[in-house]
Amino acid sequence: LLSFSNSNMSAADDEDIGGSDWGEEQSRLLREAGFKIVRFGEANMMYVGPVDYSDRPDGHGFMFLSNGDMHECDFKSGRACGEGIYVSSKGTEYCGTWDMNKRVGQFKVVDPKGTHWIEKYNAEGKRVARKKVREPQPNPKYVEGGEEPETVEVEVAPDEPAKKCWLCNNFSRDRNNHAWACRAHPGRFREDRTYCGDGPTPGIWSCCGRTAKAETGCSFRHHDFMAED
């Protein structure tokens with residue numbers, strides 16, 4: 001099976017992740033793609049993609065945050081540097097360019113409802129402007145020789161709303177659905193029914209053997225979206 005690797009970055013832990021979280025077919029595909037899987041300890045982040053000699057993200061890969069956000073981007077020496085797309089767990093989509101983990105320049109944004117926005121960021125990564133995307137349309141009030149302009153700016157038609165995945169409970173869209181889009185546990189969290197103490201009932205995930213119920217999913221797959229009403 002694919003050998004998991006610990007990052008040398010400061011956020012990494014010393015835990016041996018092991019190969020039990022991944023099936024043989026998934027591991028084979030990762031190897032053939034030249035990808036590795038790097039886990040960042042307390043942050044509970046995971047990266048899938050090419051790495052450098054220090055096992056830092058380096059190349060086009062996928063960074064998964066503990067809150068369910070996913071960042072597909074070009075990475076260099078462990079940092080996002082280049083064009084990419086960031087999809088939040090709520091379904092907001094950001095398309096633009098990153099420089100040393102900072103958003104810079106103009107970003108195209110689609111919120112969970114499908115509304116299109118343009119955001120601008122300065123060199124420090126701070127957002128300095130945000131407005132809805134508009135486009136020119138024929139003005140129905142226009143009369144040649146009159147005072148009304150020939151065209152008017154109207155808000156562009158909304159995109160499809162983000163859809164919820166029943167596996168990971170996150171929101172996304174079909175265009176962002178791929179083999180690494182959904183991070184979830186394929187098994188169940190089995191609680192210790194004999195426990196009578198205070199606090200949360202301990203247990204274990206049947207798929208990966210981890211004991212924290214809040215542990216982020218151990219396997220990647222395509223989103224399985226809930227049927228629309």
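1. Ser77 counts as partly exposed, at 34% relative accessibility. In this predicted model, Ser77 sits in the loop between strand E5 (70–76) and strand E6 (79–87). Its backbone is worth a look: Ser77 is not a glycine, yet has a positive phi of about 55 degrees.

2. A second residue belongs under the heading of backbone angles. Asn169 is not a glycine either, and has a positive phi of about 70 degrees. Asn169 is placed in the loop between E13 and E14. With a relative accessible area of 45%, Asn169 is partly exposed.

3. How many salt bridges does the count come to? The count is 10 salt bridges. One of them joins the side chains of Glu93 and Arg175, with an N to O distance of 3.1 Å. Glu93 belongs to strand E7 (residues 93–99), while Arg175 is in the loop between strand E14 (171–172) and strand E15 (182–184), so this pair ties together parts that are 82 residues apart in sequence. The two partners can also be described by their accessibility. Glu93 counts as buried at 5% relative accessibility, whereas Arg175 is partly exposed, with a relative accessible area of 42%.

4. Arg175 has another acidic partner to consider. Asp159 forms a salt bridge with Arg175, and the closest N and O atoms of that pair are 2.7 Å apart. Asp159 lies in the loop between E12 and strand E13 (163–164) and Arg175 in the loop between E14 and E15, so the pair ties together parts that are 16 residues apart in sequence. At 22% relative accessibility, Asp159 is classed as partly exposed. Taken together with Arg173, the residues Glu93, Asp159 and Arg175 are linked in a network of salt bridges.

5. A further salt bridge is formed between strands. The side chains of Glu155 and Lys132 meet at 3.7 Å, N to O. Glu155 is in strand E12 (residues 151–155) and Lys132 in strand E10 (residues 127–132), so the pair ties together parts that are 23 residues apart in sequence. Glu155 has a relative accessible area of 36% and is partly exposed. Lys132 is partly exposed as well, with a relative accessible area of 34%.

6. Which charged residue is buried yet has no salt bridge? That description fits Arg103, whose nearest side chain of opposite charge, Glu119, is 4.7 Å away. A salt bridge requires the nitrogen and the carboxyl oxygen to be within 4 Å, so a separation of 4.7 Å does not qualify. Arg103 is found in strand E8 (residues 102–110). The side chain of Arg103 does have a polar contact, at 3.1 Å, with the side chain of Tyr121. The charged end of Arg103 also sits over the ring of Tyr86, 5.5 Å from the ring centre.

7. The aromatic residues come next. A search of the whole structure gives 6 aromatic pairs. Among them is the pair of Tyr86 and Tyr94, which is edge-to-face, with 6.2 Å centre to centre and 75 degrees between the planes. Tyr86, the ring under the charged end of Arg103, is buried, with a relative accessible area of 13%. Tyr94 is buried too, with a relative accessible area of 17%.

8. Tyr121, the polar contact partner of Arg103, is also part of an aromatic group. Ring pairs link Tyr121 with Trp98 and Phe107 into a cluster. Elsewhere in the list of ring contacts, Arg130 lies over the face of Trp117, at 3.7 Å from the ring centre.

9. How many disulfides does a search of the whole structure find? The search finds 0 disulfides. For Cys73, the closest cysteine sulfur is in Cys81, and the distance of 7.7 Å is too far for a bond. The cut-off for a disulfide is 2.5 Å between sulfur atoms, so the 7.7 Å between Cys73 and Cys81 falls outside the limit. Cys73 counts as buried, at 0% relative accessibility, whereas Cys196 is exposed, with a relative accessible area of 75%.

Technical notes:
Residues numbered from 1 in each chain as written. Predicted model: local features only at pLDDT ≥ 70, side-chain atom pairs only at ≥ 80, totals over all residues. Heavy atoms only, no water. Helix = DSSP H or I, 4+ residues; strand = E, 2+ residues; numbered from the N terminus. Buried < 20%, exposed > 50% of the residue type's maximum accessible area, 1.4 Å probe, protein only. Phe/Tyr/Trp six-rings, centres within 6.5 Å; stacked < 30°, edge-to-face > 60°. Lys NZ or Arg CZ within 6 Å of the ring centre and 35° of its normal. Lys, Arg positive; Asp, Glu negative; His and termini not counted. Polar contact = N/O pair within 3.5 Å; in protein donor to acceptor, adjacent residues only side chain to side chain.
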